[in-house]
Amino acid sequence: MPERHKVLVADPLGAAGADRLRASAGVEAVFADGQSRVELLESIRDAAALIVRSGTQADAELIAAGRSLRVIGRAGVGVDNIDLAAAATHGIAVVNTPEANTLAAAEHAFALMLATARRITEAHNSLAGGSWDRKQYVGVQLAGATLGLVGFGRIGRAVGHRALAFEMAVLTTDPYIPAEVATEHGARMVELPELLAASDFVSLHAVAQEDGSALLDEAAFATIKPGAILVNAARGSLIDPAAARSALDDGRLAGLGLDVYDTEPPPPDHPLIGHPRVVHTPHLGASTGAAQRDVSVQVVAKVLAALKGEPVETVQPAP
């Protein structure tokens, strides 16, 4: 009798990928979105594969509970929520879909930049409330301004290409990318302090710090160009929310476009929720129909290939 593999899907998965998974021969698809941690630890015991998005923490405990686990699929780019070292220790492959939501994430970051620069949310709420106050909502023009990209991977480059079309100058900082690659894409590579001091707009596209600390803390905000606008559609831990609130309150930071949070969902007393100079969205960077379809189909294809013993590109294990 042919081997049957249980694939545990712990987070919501796009319909196209879910349908492909259900239709795959030799696969028992179990959709566990909404299960408690205790239930998930039980469900994973006989699973050959685990598929997650950003909601489930595939930490050492969960990985160890998966006694038959052979592959973990991340439907998306970042693998911050997967313990790569634990996976490597147990001989478990980790795959992701770095290409699938690049355009959606880049477009959302750029939308936050535009909405913050032109004070769209404030003006919308004012007009919806019955006011007509054009003088109150003077915005900032992108053309001629400098955009600093912290991180120059796929998404950072896509944002940079769009910034060039808006006639912006582009700086970037990224310890993993050669300066000549930045030059090829129309950007200039600099160190983070220079980028913060020179940029009218700063958009974050970096991985989380290894120790979980904020990349932009109180000291970093003290060096940022006065009147700058900051966008974070990458990882919530990159910004110290209290320091960002202080920078907004004292005017050093003119605005903040925010799609990700240090805790998700953010608590009601989060220092940035409801601030008049913050445009915030609930982690919508990959939330387009095309991106959801592509992410789900690609992660399922990679997981199934790994279960069949076919060669797949895996995420580099943590050192």
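This is a short walk through the helices, cores, empty spaces and odd backbone spots of one structure.

Okay, hi everyone. Before anything else: what we have here is a predicted model, so please keep that in mind as we go.

Let's start with the helices. α5 covers residues 102-117. It has 16 residues and reaches 23 Å from its first C-alpha to its last, close to the 22 Å expected at 1.5 Å a residue. How many of the 16 residues of α5 are buried? Twelve are, so this helix is largely enclosed by the rest of the structure. If you want to find them on screen, the buried ones include T102, H108, F110, L112 and M113, plus a run of alanines, A104, A105 and A106. Just after the helix comes R119, with a positive phi of about 55 degrees. Hold on to R119, we'll meet that residue again.

Next, α7, residues 154-165. Twelve residues at 1.5 Å each should span 16 Å, and the end C-alpha atoms are 17 Å apart, so that agrees. Its buried residues are G156, A158, V159, G160 and A163. What do they pack against? They sit against α5, which we just looked at, and against strands β6 (146-150) and β7 (169-173).

Then there's α12, residues 289-307. This one has 19 residues and covers 27 Å from first C-alpha to last, close to the 27 Å you'd expect. Among its buried residues are A291, V295 and S296, then V299 and V300, and then everything from K302 through L307. Right after it, G309 takes a positive phi of about 85 degrees.

One quick stop at α4, residues 84-89, where we find L84. L84 counts as buried because its relative accessible area is 14%, and the cut-off is under 20%. L84 and A58 are 26 residues apart along the chain, and their C-alpha atoms are separated by 9.1 Å.

Now the cores. The largest nonpolar core has 29 residues, and F221, L230 and L256 touch the most other members. Which elements give two or more residues to it? The helices are α9 (192-198), α10 (218-223) and α11 (241-249), and the strands are β9 (201-204), β10 (228-232) and β11 (253-258). The largest share, four residues, comes from α11.

Zoom in on F221 for a second. Leaving aside neighbours within four places in sequence, F221 is in contact with L216, L230, I239, D240, A243, A244, A247, R252 and L253. There's also a second, separate core of 26 residues, and that one includes F110, F152, A182 and V279. You may remember F110 as one of the buried residues of α5.

On to the empty spaces. Rolling a probe the size of a water molecule over the atoms shows where empty space is left. The second largest pocket has a volume of about 230 Å³. It's lined by 18 residues, and nearest its centre are R119, E122, P276, R277 and V278. So, R119 is back, as promised. The elements that each supply at least two lining residues are α5, α6 (120-128), β11 and β12 (278-280). By class, that lining is eight nonpolar, seven polar and three charged.

As for closed spaces, the count comes to one cavity of 30 Å³ or more. The largest cavity is about 50 Å³. Around it you'll find N232, G236, I239, P241, L258, V260, Y261, D262, H270 and L272. Those divide into six nonpolar, three polar and one charged. I239 is also one of the contacts of F221.

Last bit: backbone oddities. Most residues other than glycine have a negative phi, and most peptide bonds are trans. Here are some spots that go the other way.

E167 isn't a glycine, yet its phi is positive, about 65 degrees. E167 lies in the loop between α7 and β7. Buried or exposed? At 61% relative accessibility, E167 counts as exposed.

H283 is another non-glycine with a positive phi, about 55 degrees. You'll find H283 in the loop between β12 and α12, and with a relative accessible area of 33% it is partly exposed.

And finally, a cis peptide bond joins E264 and P265, with omega about -5 degrees. P265 lies in the loop between β11 and β12.

That's my tour, thanks for listening.

How values were computed. Residues are numbered from 1 along each chain as its sequence is written. This is a predicted model: local features need pLDDT of at least 70, side-chain atom pairs count only at pLDDT 80 or more; totals for chains, interfaces and linings use all residues. Side-chain values use heavy atoms; hydrogens and water are left out. A nonpolar core is a set of buried Ala, Val, Leu, Ile, Met, Phe, Trp, Tyr and Cys residues joined through side-chain atoms within 4.5 Å. Buried means under 20% relative accessible area, exposed over 50%, partly exposed in between (1.4 Å probe, protein chains only). Contact means heavy atoms within 4.5 Å. On a 1 Å grid over the protein atoms alone, a cavity is a set of points where a 1.4 Å probe fits but cannot get out, and a pocket is an open set with protein on both sides within 12 Å along at least five of seven lines; lining residues have an atom within 4 Å of a point. Grid points are joined across faces, edges and corners, and a volume is the space filled by probe spheres set on the points. Ala, Val, Leu, Ile, Met, Phe, Trp, Tyr, Cys and Pro count as nonpolar, Asp, Glu, Lys and Arg as charged, and the others, Gly among them, as polar. The expected span of a helix is 1.5 Å times one less than its number of residues.
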